[in-house]
Amino acid sequence: MATKPNYRTKQREQLLDYMKTVPGEHITVGDVCDYLHRQGVSIGQTTVYRQMERMVDEGLVQKYVIDINSPACFAYIPEDDHFKEGICFHCKCEKCGKLIHMNCEALGDIKEHLMEHHGFVLDPRRTVFYGVCEDCRANNSVK
C-alpha cells in the first residue's frame, strides 16, 4: 500500500514554524489553533491534529498522551536536544488538573534504576506522578 506524499502546505509550514518557537514545550492542538488564529491564520482543529500526527510519524515532533481526560500534547524537539529520546515525566494536580511537564535529569535516574535493579523498562512519555501543585497548595494550605 502506497503512503501519501507529505505536501508542504502553507498551513503546515506555519504550524511547524510555531512549534519551532517553543521547542521542548508541550502544546495541545487547541493551543496551536489559538496561536494561529491570533496570527490571522484560518485553520481547523482537525487539520492541525492531522498535520501534528504526520509530523509525529516523520519524527519531527513527539506526542504525549497522559490519560483519557487530558488532551494529547505535542512537542517539537530539535535534533541536537538530549530530550529527543523521550525523557519527559509529568505531574498532574489532583485539585485543579494542571499538567506539569518535567524534563528533569534526576528523574532519568529513576528510569535507569528501574531497569538496572528491577528489570523494568519505564516509558517516561506515559509516566505521571499525581499530587497537588504549588498553586493549589498555596491557595488551600495543603502541605
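# Helix packing and cysteines in a predicted model

Reader: Start with the first two helices. At what angle do the axes of α1 and α2 cross, and how far apart are they?

Author: The axes of α1, residues 10-21, and α2 cross at roughly 110° and come within 11 Å. The two helices are therefore roughly perpendicular to each other. Bear in mind that this is a predicted model.

Reader: Which residues in α1 and α2 meet?

Author: From α1 there are Gln14, Leu15, Tyr18 and Met19, and they meet Val32, Tyr35 and Leu36 in α2. By class, that contact of α1 with α2 has 6 nonpolar residues, 1 polar and no charged ones.

Reader: And α1 with α3, what angle do they pack at?

Author: About 70°, with the axes of α1 and α3 11 Å apart. That makes α1 roughly perpendicular to α3.

Reader: Is the crossing of α1 and α3 right-handed or left-handed?

Author: α1 passes α3 in a right-handed crossing.

Reader: What residues in α1 and α3 meet there?

Author: In α1 they are Gln11, Arg12, Leu15, Leu16 and Met19. Their partners in α3 are Thr47, Val48, Gln51, Met52, Arg54 and Met55. The residues of this contact of α1 with α3 divide into 6 nonpolar, 3 polar and 2 charged.

Reader: Gln51 catches my eye. Buried or exposed?

Author: Gln51 is buried, with a relative accessible area of 7%. Gln51 lies in helix α3. Leaving aside residues up to four places away in sequence, Gln51 touches Arg12 and Leu15.

Reader: That leaves α2 and α3. What is the angle, and how far apart are the axes?

Author: Helix α2, residues 29-38, packs with helix α3, residues 45-57, at an angle of about 120°, and their axes are 9 Å apart. α2 and α3 are therefore oblique to each other. Their crossing is right-handed.

Reader: Which residues of α2 and α3 make the contact?

Author: Val29, Gly30, Val32 and Cys33 of α2, and Gln45, Val48 and Tyr49 of α3. By class, the contact of α2 with α3 has 5 nonpolar, 2 polar and no charged residues.

Reader: There's a cysteine in that list. Is Cys33 buried or exposed?

Author: Cys33 counts as buried, at 3% relative accessibility.

Reader: How many disulfides are there?

Author: The count comes to 0 disulfides.

Reader: What about Cys133, how far is its sulfur from the closest cysteine sulfur?

Author: The sulfur of Cys133 is 3.6 Å from the closest cysteine sulfur, which is in Cys136. A disulfide needs the pair of sulfur atoms within 2.5 Å, so 3.6 Å is too far for a bond. Cys133 is also buried, with a relative accessible area of 4%.

Reader: Changing topic. Where is Val121?

Author: Val121 is in the loop between α4, residues 105-118, and β5, residues 128-131. Val121 is exposed, with a relative accessible area of 62%.

Reader: How far apart are Val121 and Lys111?

Author: They are 10 residues apart in sequence and 7.3 Å apart in space, C-alpha to C-alpha.

Reader: Now the whole chain. How many helices and strands?

Author: The chain has 5 helices and 5 strands. From the N terminus on, the elements run α-α-α-β-β-β-β-α-β-α.

Reader: What share of the residues is buried?

Author: Buried residues make up 34% of the 143 residues in the chain.

Reader: And what share of the contacts comes from residues 24 or more positions apart?

Author: Such pairs account for 54% of the contacts in the chain with a separation of 6 or more.

Notes
Residues numbered from 1 in each chain as written. Predicted model: local features only at pLDDT ≥ 70, side-chain atom pairs only at ≥ 80, totals over all residues. Heavy atoms only, no water. Axes fitted to C-alpha atoms, helices over the stretch in contact; angles between N-to-C directions. Helix = DSSP H or I, 4+ residues; strand = E, 2+ residues; numbered from the N terminus. Parallel < 35°, antiparallel > 145°, perpendicular 65-115°, else oblique. Left-handed = near helix turned anticlockwise from the far one by under 90°. Contact = heavy atoms within 4.5 Å. Nonpolar A, V, L, I, M, F, W, Y, C, P; charged D, E, K, R; others polar. Buried < 20%, exposed > 50% of the residue type's maximum accessible area, 1.4 Å probe, protein only.
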